[in-house]
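Dear colleague,

I am passing on the structure we spoke about, and I would be grateful if you could look through it with the notes below at hand.

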Amino acid sequence: MREEELPSLEEARRFLEHAWLEVKGIRLPRVLLGTSPFIGAGQFGSRSYAYWAAFYNRPERVAEVIVAAVELGVRGVQPLPYPFLAEAIGRAQALTGEELVLVATIGPKDPLADLAVFEGLDVRAALLHGALTDKAKGGQLAAIMDEVRGRGLLVGLVSHRPMRLLRRLSSGELPRPDMLLLPFNAMGYLMDAPAPELAKAIRSLGVPVVGKKVLAAGRLRPEEAFRFALGFRVLEGVAVGVVSRAEAEETFTSLAGAALELGWPGGD
């Protein structure tokens, strides 16, 4: 998609504001602002330290980026369990007047205690961290998942080995979640199988999947990356991190453009 074909900010906002899905009666935004850059996560390579220095334990700086995303129509955040991120979300809500929906990652050390980090915010789903999911036995996961559901939340699983997780779920080795957060991108970055194979396994399992690492931690151009990932029509949503207003505008207009071009999230 050439730059001149991208939707306007207003067209992107209109799409993002109305892009929602329903899972077991609970509404979630299809587009979530990811938060990995704000903790300087290692997948960003040479940029990791700069991100950490700019954002870690600096909720006012994080809030500026969240506000930029909200003003573009993003209504959901996929936060990691850090108090400064929860504080930043609260600040952004106060500045924009929008209550944001959280699809929060919890764990790996104490996932149930992590829910307290988000007290007072609109958490609708809790995702068990991949470092927990990929090592845990079925019984261990089932106990945590039951606790999360008992609090009225959807429960999901994250994985750093998506095909292995899909196979464990299909075989019944692990309990069935309400949703999944899985890496899915054109590079195969942090994936243990090619995208077409993962797409086939996702269709077979029938659990809603939100894609992460769609931009391969900034290694792919947004417009091509989103067209590739959404074109398989197996992702019900995407979680994408940005670090500035300019990056938010480029990323989310590219996402809206690809979605509108493909008719996503419509069926085949």
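The notes that follow deal with one threonine and then with the aromatic side chains.

Please keep in mind while reading that this is a predicted model.

To begin with the threonine, Thr253 belongs to helix α11, which covers residues 245-262. Is Thr253 buried or exposed? Its relative accessible area is 6%, and because the limit for calling a residue buried is under 20%, Thr253 counts as buried. A polar atom of the Thr253 side chain lies 3.3 Å from the backbone oxygen of Glu250. If neighbours within four places in sequence are set aside, the residues in contact with Thr253 are Leu6, Pro7, Ser8, Leu9, Ala12 and Ala248.

Turning to the aromatic residues, a search of the whole structure gives 10 aromatic pairs. One of them is formed by Phe44 and Tyr51, whose rings are arranged edge-to-face, with 5.4 Å from centre to centre and 70° between the planes; both Phe44 and Tyr51 are buried. Elsewhere in the list of findings, Tyr49, Trp52, Tyr56, Tyr82 and Phe84 form one aromatic cluster.

There are also charged groups placed over rings, and two cases may be worth viewing on screen. The charged end of Arg27 sits over the ring of Trp20, at 4.4 Å from the centre of that ring, while the charged end of Arg61 sits over the ring of Phe55, at 5.6 Å from its centre.

With best wishes

Definitions and conventions
Residues are numbered from 1 along each chain as its sequence is written. This is a predicted model: local features need pLDDT of at least 70, side-chain atom pairs count only at pLDDT 80 or more; totals for chains, interfaces and linings use all residues. Side-chain values use heavy atoms; hydrogens and water are left out. Helices (H or I, at least four residues) and strands (E, at least two) are DSSP runs, numbered from the N terminus. Buried means under 20% relative accessible area, exposed over 50%, partly exposed in between (1.4 Å probe, protein chains only). A polar contact is a pair of N or O atoms within 3.5 Å; within protein, one must be able to donate a hydrogen and the other to accept it, and residues adjacent in sequence count only if both atoms are side-chain atoms. Contact means heavy atoms within 4.5 Å. Rings of Phe, Tyr and Trp (its six-membered ring) pair if their centres lie within 6.5 Å; planes under 30 degrees apart count as stacked, over 60 as edge-to-face and the rest as tilted. A charge sits over a ring if NZ of Lys or CZ of Arg is within 6 Å of the ring centre and within 35 degrees of the ring normal.
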